[in-house]
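This report describes selected features of a protein chain. Please examine the sequence and the structure shown here before reading on.

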Amino acid sequence: VKQEEPSSTVTYQTSSGGFANIVQMAQGNCDMSIVHLGEAVIASKGETPFQEPMEDFAVVAVLYNWAPMQWLMNENFAEEHNISSIADIKGTPVDLIVNKNGILPSILAEASLKKLGIGFSDIESNGGSIQYQGSQTAEELMKDGRGDVWTNAMFIGTGSIGSIAESVDLRLLSVPDDIIAYMSETYGSVPYT
């Protein structure tokens, strides 16, 4: 960018992801930022964490599309409770690990389950738990059996999954077609096989 326009500035900032980047643009602190499509959809609708629709931005490019939500379950738990789909989680005492509260992957996980009639509070009332953790901690929780299922938007072939699979047999859960359609329509999620 600096070769093309020497007066430009490129900044890497860790924060709450694209939500913060959309706010940075709205405040005039930057001209362009990287966000996930789901974050742009949420912002344009004015859903939490936004107080009103954010309309003064446009998506100009898709940088990647190979980090779908993946639902990985401990094989022993899946076998014990006869689970092959996220819909089968209903009524089980599952210890669910999702990404940090309030960022896109945890929002997508909660929305997917809610559409199936499985609220996070239902999981807890069935003896399970919701654990909001970043990838590194989630990996450790899965390895040592403190989590039954981990879902996150992860790159295909990520080392985290391979690392967990060295310690624990995993089952990749399917997602019902109507939930895939709902997530595509509501959040711009792209179906991935």
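Is the crossing of α4 and α8 right-handed or left-handed? In this predicted model, the crossing of these two helices, α4 and α8, is right-handed.

## Helices α4 and α8

Helix α4 covers residues 104–115, and helix α8 covers residues 177–187. Their axes come within 10 Å and cross at roughly 130°. Because angles over 115 degrees but not over 145 count neither as roughly perpendicular nor as roughly antiparallel, α4 is described as oblique to α8.

On the side of α4, the contact is made by I107, L108, A111, S112 and K115. On the side of α8, the residues that take part are I179, Y182, M183 and Y187. Sorted by character, the residues of the contact of α4 with α8 comprise seven nonpolar, one polar and one charged.

## Helices α6 and α7

Helix α6 consists of residues 135–143, and α7 spans 159–167. The axes of α6 and α7 come within 9 Å and cross at roughly 20°. Angles under 35 degrees count as roughly parallel, and α6 and α7 are therefore roughly parallel to each other. The crossing of α6 and α7 is right-handed.

Three residues of α6, namely E139, M142 and K143, meet S160, S163, I164 and S167 in α7. The residues of the contact of α6 with α7 divide into two nonpolar, three polar and two charged.

## Aromatic pairs

A pair of aromatic rings is described by two quantities, the distance of the centres and the angle of the planes. In this model the count comes to five aromatic pairs. One of them is formed by Y64 and F155, with 5.0 Å from centre to centre and 55° between the planes, and this pair is tilted. The pair links distant parts of the chain, since its residues are 91 residues apart. Y64 lies in the loop between α2 (37–45) and β1 (69–74), while F155 lies in the loop between β4 (149–153) and α7. Y64 counts as partly exposed because its relative accessibility is 34%, and F155 counts as partly exposed because its relative accessibility is 38%. Together with W66, the residues Y64 and F155 form one aromatic cluster.

F120 and Y132 form another aromatic pair that is tilted, with 6.4 Å from centre to centre and 55° between the planes. This pair also links distant parts of the chain. F120 belongs to helix α5 (residues 120–125) and Y132 to strand β3 (residues 129–132), and the two are twelve residues apart. F120 is buried, because its relative accessible area is 7%. Y132, with a relative accessible area of 31%, is partly exposed.

## Backbone features in two loops

Where is P49 placed? P49 is in the loop between α2 and β1. The peptide bond that leads from T48 to P49 is cis, with omega near 20°.

A further backbone feature concerns N82, which is found in the loop between α3 (75–81) and β2 (95–98). Phi of N82 is near 55°, which is a positive value in a residue other than glycine. Is N82 buried or exposed? N82 counts as exposed, because its relative accessibility is 64% and the cut-off for exposed is over 50%.

Notes
Residues are numbered from 1 along each chain as its sequence is written. This is a predicted model: local features need pLDDT of at least 70, side-chain atom pairs count only at pLDDT 80 or more; totals for chains, interfaces and linings use all residues. Side-chain values use heavy atoms; hydrogens and water are left out. Rings of Phe, Tyr and Trp (its six-membered ring) pair if their centres lie within 6.5 Å; planes under 30 degrees apart count as stacked, over 60 as edge-to-face and the rest as tilted. Helices (H or I, at least four residues) and strands (E, at least two) are DSSP runs, numbered from the N terminus. Buried means under 20% relative accessible area, exposed over 50%, partly exposed in between (1.4 Å probe, protein chains only). Axes are lines fitted to C-alpha atoms, for helices over the stretch in contact, and angles run from 0 to 180 degrees between N-to-C directions. Angles under 35 degrees count as roughly parallel, over 145 as roughly antiparallel, 65 to 115 as roughly perpendicular and the rest as oblique. A crossing is left-handed if the near helix is turned anticlockwise from the far one by less than a right angle, and right-handed if clockwise. Contact means heavy atoms within 4.5 Å. Ala, Val, Leu, Ile, Met, Phe, Trp, Tyr, Cys and Pro count as nonpolar, Asp, Glu, Lys and Arg as charged, and the others, Gly among them, as polar.
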